[in-house]
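This report introduces a protein model to a reader who has not met it before. Please keep the sequence and the structure in view while reading.

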Amino acid sequence: MSEAKLPIAVLGAGSWGTALAAVLARHGYPTVLWGRDAAQVEAIDQRHQNPRYLPGIALPEALRATTDLAAAVASADLVLVVTPSHAFNQTLKALAPHLRAGAGVAWATKGFEPGSGRFLHEVAGEILGPGVPLAVVTGPSFAREVAQGLPTAVTVHSDDEEFAFLVAEALHGPTFRAYTGSDMLGAELGGAMKNVLAVATGIADGMNLGLNARAGLITRGLNEMLRLNVTLGGRSETLMGLAGLGDLVLTCTGDLSRNRRLGLALGRGQSISEAVA
């Protein structure tokens, strides 16, 4: 008789949260996806689709969705937060009272805390306390491709080796590779810094400056990322892997990247307000 798989709550029903919840459900984990929008949650739970963020992609029938955060978190052994960075603090404060004993929290959110500029692992550690294992999931991963089941590789970094392995094991499957590491600072820094370079590369491409310029920007940009990472206490090998180089190449060259598309629009002469819209 096969061992029961741990129940998982995914918080955030945008494109990336939905895609990761679909991966976990396909891997046989009892997965509940939490979102604020009742109509969107109903479409995921009953019709197995997210027409707003992942139109045309069928989601697993086993995937459940709810607007009840407390209920989603209370039964989960693993909580995966996939909200935007500006909602990260608020989401953790909301889930903290409902977290069951022994449960761990991971996040696939990229960026820093707005205003304070703090790393998200610092925010999580402060809100959840020292007894909760924490991990960051990052790497080159467009949500639409993940939801479609196309081959993808990410990395899971945690100070708790056992928890990193648990998160990676849940994500790991036939078309989804998950590696592990212990450099949370470096992994988070790589996921945030590459966005700046994606905008810059988009601008260069929008101005038709050529492929030489693109390659130069990416390579020299990686060099700056490495220097800043080491200065702040991260490890250089982290940024030479999926959390840095992999994510950088994807975001700078793939037109599914919003940061690249913003740069393209600016490079073609659009105003910042037009480009953001």
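## Strands and sheet

The model is predicted. Within it, strand β1 (residues 8-11) and strand β2 (residues 31-34) run parallel and are joined by four bridges. In this pairing, A9 of β1 has V32 of β2 opposite.

These two strands belong to an open sheet of eight strands with mixed pairing, in the order β3-β2-β1-β4-β5-β6-β7-β8. At the edges stand β3 (64-66) and β8 (176-181); each has a single partner strand, so one side of each is left without a neighbour in the sheet. From one strand to the next, the twist averages 25°.

## Helices against the sheet

Helix α7 (residues 161-171) packs on the sheet, where it touches β1, β4 (78-81), β5 (104-107), β6 (134-138), β7 (152-157) and β8. The direction of α7 makes about 175° with that of β8.

Helix α8 (residues 184-206) lies across β5, β6 and β7. Relative to β6, α8 runs at about 35°.

## The largest pocket

Rolling a probe the size of a water molecule over the atoms shows where empty space is left. The largest pocket holds about 1,700 Å³ of space. Its lining consists of 46 residues, and S15, W16, Y53, P84 and R258 are those nearest its centre. By class, 19 residues of this lining are nonpolar, 18 are polar and nine are charged.

Several helices contribute to the lining of the largest pocket: α1 (15-26), α4 (88-95), α6 (143-147), α8, α11 (242-253), α12 (258-267) and α13 (272-276) each supply at least two residues. The most comes from α12, which gives four residues.

## The second largest pocket

About 160 Å³ of space lies in the second largest pocket. Its lining is made up of E3, A4, K5, L6, Y29, L166 and E169. Four of these lining residues are nonpolar and three are charged, while none is polar.

## A buried threonine in α11

Helix α11 contains T251. Is this residue buried or exposed? T251 has a relative accessibility of 4%, and because buried means under 20%, T251 counts as buried.

Which residues is T251 in contact with, leaving aside its neighbours within four places in sequence? They are K194, N195, A198, S257 and R260.

Definitions and conventions. Residues numbered from 1 in each chain as written. Predicted model: local features only at pLDDT ≥ 70, side-chain atom pairs only at ≥ 80, totals over all residues. Heavy atoms only, no water. Pairing = 2+ DSSP bridges. Axes fitted to C-alpha atoms, helices over the stretch in contact; angles between N-to-C directions. Contact = heavy atoms within 4.5 Å. 1 Å grid on protein atoms, 1.4 Å probe; cavity = no way out; pocket = protein on both sides within 12 Å on 5 of 7 lines; lining within 4 Å. Points joined across faces, edges and corners; volume = space filled by probe spheres on them. Nonpolar A, V, L, I, M, F, W, Y, C, P; charged D, E, K, R; others polar. Buried < 20%, exposed > 50% of the residue type's maximum accessible area, 1.4 Å probe, protein only.
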